[in-house]
Amino acid sequence: MQTLIIIDRPPYGSWSGRESLDMAFSLAAFDQPVSLLFVGEGVLWLNKGQDATGIAQKSVERNLKAAAMFGIESLMADQSACQRFSLTGQTLIDGVETVENLRATLRRYDHVVFPG
Amino acid sequence: MSQESCHFTLVITGAPYSSQAPQTALGFAWAVVASGHAIDRVFLYGEGVHLASALSCPPSDETNWTSAWGEFLEQHSVPGIACIASALRRGLIDPAEQQRHELPASNLAAPFSIAGLGEWVEGVMQSSRVIYFHGGD
(Lines give C-alpha, C1' and ligand atoms only; values in the text may rest on other atoms or scores of the structure.)
Protein backbone atom coordinates (compact mmCIF):
# COMPACT_ATOMS: atom_id res chain seq x y z
CA MET A 1 0.00 0.00 0.00
CA GLN A 2 1.76 3.13 -1.29
CA THR A 3 0.40 6.37 0.14
CA LEU A 4 0.89 9.86 -1.26
CA ILE A 5 0.08 12.89 0.85
CA ILE A 6 -0.45 16.15 -1.04
CA ILE A 7 0.15 19.59 0.45
CA ASP A 8 -1.29 22.46 -1.54
CA ARG A 9 -1.22 25.32 0.94
CA PRO A 10 1.69 27.51 2.02
CA PRO A 11 3.21 26.90 5.44
CA TYR A 12 2.47 28.94 8.60
CA GLY A 13 -0.90 30.50 7.58
CA SER A 14 -2.86 27.41 8.60
CA TRP A 15 -2.29 24.35 10.72
CA SER A 16 -3.52 21.89 8.10
CA GLY A 17 -0.11 21.41 6.48
CA ARG A 18 1.53 20.50 9.77
CA GLU A 19 -1.24 18.01 10.42
CA SER A 20 -0.74 16.56 6.93
CA LEU A 21 2.92 16.15 7.72
CA ASP A 22 2.04 14.38 10.98
CA MET A 23 -0.01 11.91 8.94
CA ALA A 24 3.03 11.16 6.77
CA PHE A 25 5.32 10.72 9.79
CA SER A 26 2.74 8.48 11.41
CA LEU A 27 2.53 6.14 8.39
CA ALA A 28 6.31 6.01 8.26
CA ALA A 29 6.43 5.16 11.97
CA PHE A 30 4.27 2.12 11.21
CA ASP A 31 6.59 1.16 8.33
CA GLN A 32 4.02 2.08 5.71
CA PRO A 33 5.49 3.49 2.48
CA VAL A 34 4.60 7.17 2.17
CA SER A 35 5.70 10.13 0.04
CA LEU A 36 4.84 13.82 0.07
CA LEU A 37 3.88 15.88 -2.96
CA PHE A 38 3.82 19.68 -2.82
CA VAL A 39 1.67 21.48 -5.37
CA GLY A 40 0.49 25.06 -5.94
CA GLU A 41 1.39 27.41 -3.08
CA GLY A 42 2.33 24.31 -1.11
CA VAL A 43 5.77 24.33 -2.79
CA LEU A 44 6.68 27.24 -0.51
CA TRP A 45 7.20 24.60 2.20
CA LEU A 46 10.36 23.70 0.30
CA ASN A 47 11.97 27.14 0.37
CA LYS A 48 15.51 27.02 1.75
CA GLY A 49 16.49 29.13 4.76
CA GLN A 50 13.12 29.62 6.48
CA ASP A 51 13.02 31.45 9.78
CA ALA A 52 9.67 31.46 11.56
CA THR A 53 10.79 32.84 14.91
CA GLY A 54 9.22 36.23 14.10
CA ILE A 55 5.76 34.63 14.15
CA ALA A 56 6.50 32.35 17.14
CA GLN A 57 6.36 29.19 15.04
CA LYS A 58 8.82 26.41 14.39
CA SER A 59 10.36 26.30 10.92
CA VAL A 60 8.78 23.57 8.80
CA GLU A 61 12.07 23.24 6.95
CA ARG A 62 13.51 21.37 9.93
CA ASN A 63 10.63 18.89 9.87
CA LEU A 64 11.14 18.29 6.16
CA LYS A 65 14.89 17.82 6.58
CA ALA A 66 14.10 15.02 9.03
CA ALA A 67 11.62 13.37 6.67
CA ALA A 68 14.06 10.93 5.09
CA MET A 69 15.48 9.98 8.48
CA PHE A 70 11.97 9.12 9.71
CA GLY A 71 11.28 6.91 6.71
CA ILE A 72 9.35 9.17 4.33
CA GLU A 73 10.31 7.81 0.93
CA SER A 74 10.36 10.95 -1.16
CA LEU A 75 9.62 14.66 -1.21
CA MET A 76 8.24 15.73 -4.55
CA ALA A 77 7.26 19.11 -5.93
CA ASP A 78 5.26 20.15 -8.97
CA GLN A 79 7.80 21.66 -11.35
CA SER A 80 5.51 24.34 -12.78
CA ALA A 81 4.59 25.52 -9.27
CA CYS A 82 8.29 25.70 -8.38
CA GLN A 83 8.88 27.86 -11.47
CA ARG A 84 6.01 30.13 -10.52
CA PHE A 85 7.56 30.75 -7.10
CA SER A 86 11.16 30.91 -8.40
CA LEU A 87 12.19 27.80 -6.54
CA THR A 88 15.22 26.36 -8.27
CA GLY A 89 18.15 24.15 -7.36
CA GLN A 90 19.61 26.91 -5.19
CA THR A 91 16.45 27.97 -3.37
CA LEU A 92 14.87 24.53 -2.90
CA ILE A 93 15.81 22.49 0.16
CA ASP A 94 17.96 19.45 -0.61
CA GLY A 95 16.51 16.12 -1.61
CA VAL A 96 13.41 17.35 -3.45
CA GLU A 97 12.43 15.67 -6.68
CA THR A 98 10.54 17.93 -9.09
CA VAL A 99 7.87 16.23 -11.16
CA GLU A 100 6.42 17.34 -14.48
CA ASN A 101 3.58 14.92 -14.94
CA LEU A 102 1.30 15.04 -11.89
CA ARG A 103 -1.19 12.58 -13.35
CA ALA A 104 1.47 9.93 -13.87
CA THR A 105 2.83 10.59 -10.37
CA LEU A 106 -0.57 10.15 -8.74
CA ARG A 107 -1.14 6.93 -10.64
CA ARG A 108 1.83 5.31 -8.90
CA TYR A 109 0.04 5.39 -5.52
CA ASP A 110 -2.73 3.20 -4.08
CA HIS A 111 -3.91 5.81 -1.62
CA VAL A 112 -3.79 9.55 -2.27
CA VAL A 113 -4.61 11.89 0.60
CA PHE A 114 -5.49 15.56 0.19
CA PRO A 115 -5.68 16.34 3.89
CA GLY A 116 -7.66 19.54 3.21
CA MET B 1 -26.17 -9.52 -1.63
CA SER B 2 -24.99 -9.50 -5.22
CA GLN B 3 -22.10 -7.07 -4.89
CA GLU B 4 -19.10 -7.44 -2.64
CA SER B 5 -19.41 -5.78 0.75
CA CYS B 6 -17.02 -2.89 1.47
CA HIS B 7 -15.82 -1.62 4.81
CA PHE B 8 -14.89 2.04 5.19
CA THR B 9 -12.84 4.30 7.40
CA LEU B 10 -14.24 7.84 7.41
CA VAL B 11 -11.96 10.78 8.21
CA ILE B 12 -13.63 14.07 9.15
CA THR B 13 -11.38 17.15 9.11
CA GLY B 14 -14.02 19.89 9.02
CA ALA B 15 -15.70 21.20 12.19
CA PRO B 16 -19.48 21.26 12.66
CA TYR B 17 -21.14 24.69 12.35
CA SER B 18 -18.21 26.05 10.35
CA SER B 19 -18.28 23.37 7.65
CA GLN B 20 -20.62 20.85 6.11
CA ALA B 21 -18.13 17.99 6.61
CA PRO B 22 -19.66 16.18 9.66
CA GLN B 23 -23.16 16.34 8.15
CA THR B 24 -22.06 15.06 4.72
CA ALA B 25 -20.07 12.31 6.39
CA LEU B 26 -23.09 11.26 8.46
CA GLY B 27 -25.29 11.11 5.36
CA PHE B 28 -22.63 8.96 3.71
CA ALA B 29 -22.36 6.72 6.78
CA TRP B 30 -26.12 6.04 6.87
CA ALA B 31 -26.04 5.28 3.14
CA VAL B 32 -23.13 2.88 3.64
CA VAL B 33 -24.95 0.76 6.22
CA ALA B 34 -28.26 0.99 4.33
CA SER B 35 -26.49 -0.54 1.32
CA GLY B 36 -25.17 -3.46 3.33
CA HIS B 37 -21.63 -2.18 3.70
CA ALA B 38 -19.85 -1.41 6.97
CA ILE B 39 -17.95 1.41 8.69
CA ASP B 40 -14.78 0.25 10.49
CA ARG B 41 -14.16 3.53 12.28
CA VAL B 42 -14.68 7.26 12.12
CA PHE B 43 -11.54 9.29 12.69
CA LEU B 44 -11.73 12.98 13.62
CA TYR B 45 -8.69 14.95 12.60
CA GLY B 46 -7.73 18.64 12.66
CA GLU B 47 -10.79 20.86 13.05
CA GLY B 48 -12.95 17.73 12.85
CA VAL B 49 -12.29 16.99 16.54
CA HIS B 50 -14.80 19.71 17.50
CA LEU B 51 -17.51 17.22 16.53
CA ALA B 52 -16.73 15.26 19.71
CA SER B 53 -17.27 18.17 22.10
CA ALA B 54 -19.93 17.50 24.72
CA LEU B 55 -20.26 21.25 25.25
CA SER B 56 -21.52 22.35 21.84
CA CYS B 57 -25.03 23.59 22.35
CA PRO B 58 -26.73 24.70 19.13
CA PRO B 59 -30.19 26.35 19.22
CA SER B 60 -33.02 23.82 19.63
CA ASP B 61 -34.20 24.23 16.01
CA GLU B 62 -30.78 23.21 14.66
CA THR B 63 -29.34 19.69 14.51
CA ASN B 64 -26.89 18.79 17.24
CA TRP B 65 -24.29 17.01 15.08
CA THR B 66 -22.45 15.60 18.08
CA SER B 67 -25.62 13.81 19.25
CA ALA B 68 -26.60 12.78 15.72
CA TRP B 69 -23.20 11.21 15.17
CA GLY B 70 -23.21 9.66 18.66
CA GLU B 71 -26.50 7.97 17.86
CA PHE B 72 -25.13 6.50 14.63
CA LEU B 73 -21.92 5.28 16.28
CA GLU B 74 -23.79 3.60 19.14
CA GLN B 75 -26.45 2.05 16.95
CA HIS B 76 -23.88 0.47 14.64
CA SER B 77 -21.12 -0.17 17.22
CA VAL B 78 -18.66 1.96 15.24
CA PRO B 79 -15.69 3.45 17.11
CA GLY B 80 -15.52 7.26 16.84
CA ILE B 81 -11.96 8.39 17.52
CA ALA B 82 -10.57 11.90 17.85
CA CYS B 83 -6.85 12.33 17.11
CA ILE B 84 -5.12 13.09 20.38
CA ALA B 85 -2.71 15.72 19.00
CA SER B 86 -5.51 17.59 17.20
CA ALA B 87 -7.79 17.24 20.23
CA LEU B 88 -5.38 18.51 22.88
CA ARG B 89 -4.40 21.56 20.79
CA ARG B 90 -8.05 22.51 20.40
CA GLY B 91 -9.26 21.90 23.94
CA LEU B 92 -11.03 18.59 23.44
CA ILE B 93 -10.17 16.64 26.58
CA ASP B 94 -11.11 13.28 28.11
CA PRO B 95 -10.82 12.57 31.86
CA ALA B 96 -7.40 10.88 31.48
CA GLU B 97 -5.92 13.87 29.65
CA GLN B 98 -7.57 16.24 32.11
CA GLN B 99 -5.73 14.48 34.89
CA ARG B 100 -2.42 14.20 33.00
CA HIS B 101 -2.34 17.90 32.09
CA GLU B 102 -4.00 19.07 35.30
CA LEU B 103 -6.82 20.83 33.44
CA PRO B 104 -9.98 22.19 35.10
CA ALA B 105 -12.45 20.11 33.03
CA SER B 106 -12.98 17.47 30.37
CA ASN B 107 -15.50 17.63 27.54
CA LEU B 108 -15.33 14.53 25.35
CA ALA B 109 -18.81 13.39 24.36
CA ALA B 110 -19.77 9.70 24.56
CA PRO B 111 -19.26 7.44 22.67
CA PHE B 112 -16.18 9.19 21.21
CA SER B 113 -12.69 8.34 22.40
CA ILE B 114 -9.26 9.92 21.99
CA ALA B 115 -6.36 8.02 20.41
CA GLY B 116 -3.35 8.49 18.16
CA LEU B 117 -2.93 8.70 14.40
CA GLY B 118 -2.15 4.97 14.51
CA GLU B 119 -5.93 4.46 14.34
CA TRP B 120 -5.98 6.24 10.98
CA VAL B 121 -2.95 4.25 9.81
CA GLU B 122 -4.83 1.06 10.66
CA GLY B 123 -7.73 2.31 8.55
CA VAL B 124 -5.42 2.96 5.61
CA MET B 125 -3.98 -0.55 5.99
CA GLN B 126 -7.18 -2.50 6.60
CA SER B 127 -10.31 -0.75 5.31
CA SER B 128 -11.40 -1.27 1.71
CA ARG B 129 -11.73 2.52 1.33
CA VAL B 130 -10.75 5.58 3.37
CA ILE B 131 -13.02 8.55 2.63
CA TYR B 132 -12.13 12.12 3.67
CA PHE B 133 -14.63 14.84 4.55
CA HIS B 134 -12.94 18.24 4.58
CA GLY B 135 -13.96 21.71 5.63
CA GLY B 136 -13.27 22.91 2.11
CA ASP B 137 -12.35 26.50 2.93
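A:Asp110 counts as exposed, because just 10 C-beta neighbours fall inside 10 Å and the cut-off for exposure is 12 or fewer. The model is predicted. A:Asp110 sits in the loop that links α4 (102-107) to β5 of chain A. Beyond its neighbours within four places in sequence, A:Asp110 is in contact with A:Met1 and A:Gln2. A:Pro33 is 77 residues away from A:Asp110 in sequence. In space, the two C-alpha atoms are 11 Å apart.

Two further exposed loop residues of chain A have an unusual backbone. Most residues other than glycine have a negative phi. A:Asp31 is not a glycine, yet its phi is positive, about 60°. A:Asp31 comes just after α1(A), in the loop between α1 and β2 of chain A. A:Asp31 is exposed because it has 9 C-beta neighbours inside 10 Å. A:Ser86 also has a positive phi, near 55°, and is a residue other than glycine. The loop between α3 (79-84) and β4 (96-99) of chain A holds A:Ser86. With 9 C-beta neighbours inside 10 Å, A:Ser86 therefore counts as exposed.

Helix α1 of chain A covers residues 16-29. From first C-alpha to last, the 14 residues reach 20 Å, close to the expected 20 Å at 1.5 Å a residue. The helix is mostly covered, with eleven of its 14 residues buried. Among the buried residues are A:Glu19, A:Asp22, A:Met23, A:Ser26 and A:Leu27. The packing partners of the buried residues come from both chains. In chain A they are β1 (3-7), β2 (34-38), α2 (60-65) and β5 (111-113). In chain B they are α3 and α5.

The contact between the chains involves 16 residues of chain B and 15 residues of chain A. On the chain B side, the elements giving two or more residues are α3 (84-89), α5 (118-126) and β5 (129-133). The largest share, five residues, comes from α5(B). By class, the chain B side has nine nonpolar and seven polar residues, and no charged ones.

Packed helices are described by the angle between their axes and the distance between the axes. For α1(A) and α5(B), the angle is about 70° and the axes are 9 Å apart. The pair is therefore roughly perpendicular, since that class runs from 65 to 115 degrees. The crossing of α1(A) past α5(B) is right-handed. From α1(A), the residues in this contact are A:Met23, A:Ser26 and A:Leu27. They meet B:Gly118, B:Trp120, B:Val121 and B:Val124 of α5(B). The residues of the contact between α1(A) and α5(B) divide into five nonpolar, two polar and no charged. In an α-helix, residues three or four places apart point the same way, because there are 3.6 residues a turn.

B:Tyr45 also has a contact across the chains. Its place is in the loop between β2 (38-44) and α2 (65-75) of chain B. B:Tyr45 is buried because 28 other C-beta atoms lie within 10 Å, against a cut-off of 20 or more. Apart from neighbours within four places in sequence, B:Tyr45 is in contact with A:Glu19 of chain A. Its contacts in chain B are B:Val11, B:Thr13, B:Cys83, B:Ser86 and B:Trp120. B:Cys83 is 38 residues from B:Tyr45 in sequence, but their C-alpha atoms are 5.5 Å apart. A:Glu19 is one of the buried residues of α1(A). B:Trp120 is among the α5(B) residues that meet α1(A).

Within chain B, helix α1 (residues 21-34) packs on α2(B). The angle is about 20° and the axes are 11 Å apart. The two helices are therefore roughly parallel to each other, as the angle is under 35 degrees. The crossing of α1(B) past α2(B) is left-handed. B:Pro22, B:Gln23, B:Leu26, B:Ala29 and B:Trp30 supply the α1(B) side. On the α2(B) side they meet B:Trp65, B:Ala68, B:Trp69 and B:Phe72. By class, the contact of α1(B) with α2(B) has eight nonpolar residues, one polar and no charged.

Chain B also contains a cis peptide bond, between B:Ala110 and B:Pro111, with omega about 0°. Most peptide bonds are trans. B:Pro111 lies in the loop between α4 (95-100) and β4 (113-115) of chain B.

Key: Residues numbered from 1 in each chain as written. Chains lettered and ligands numbered in written order. Predicted model: local features only at pLDDT ≥ 70, side-chain atom pairs only at ≥ 80, totals over all residues. Contact = placed C-beta atoms within 7 Å. Helix = DSSP H or I, 4+ residues; strand = E, 2+ residues; numbered from the N terminus. Nonpolar A, V, L, I, M, F, W, Y, C, P; charged D, E, K, R; others polar. Expected span 1.5 Å × (residues − 1). Axes fitted to C-alpha atoms, helices over the stretch in contact; angles between N-to-C directions. Parallel < 35°, antiparallel > 145°, perpendicular 65-115°, else oblique. Left-handed = near helix turned anticlockwise from the far one by under 90°.
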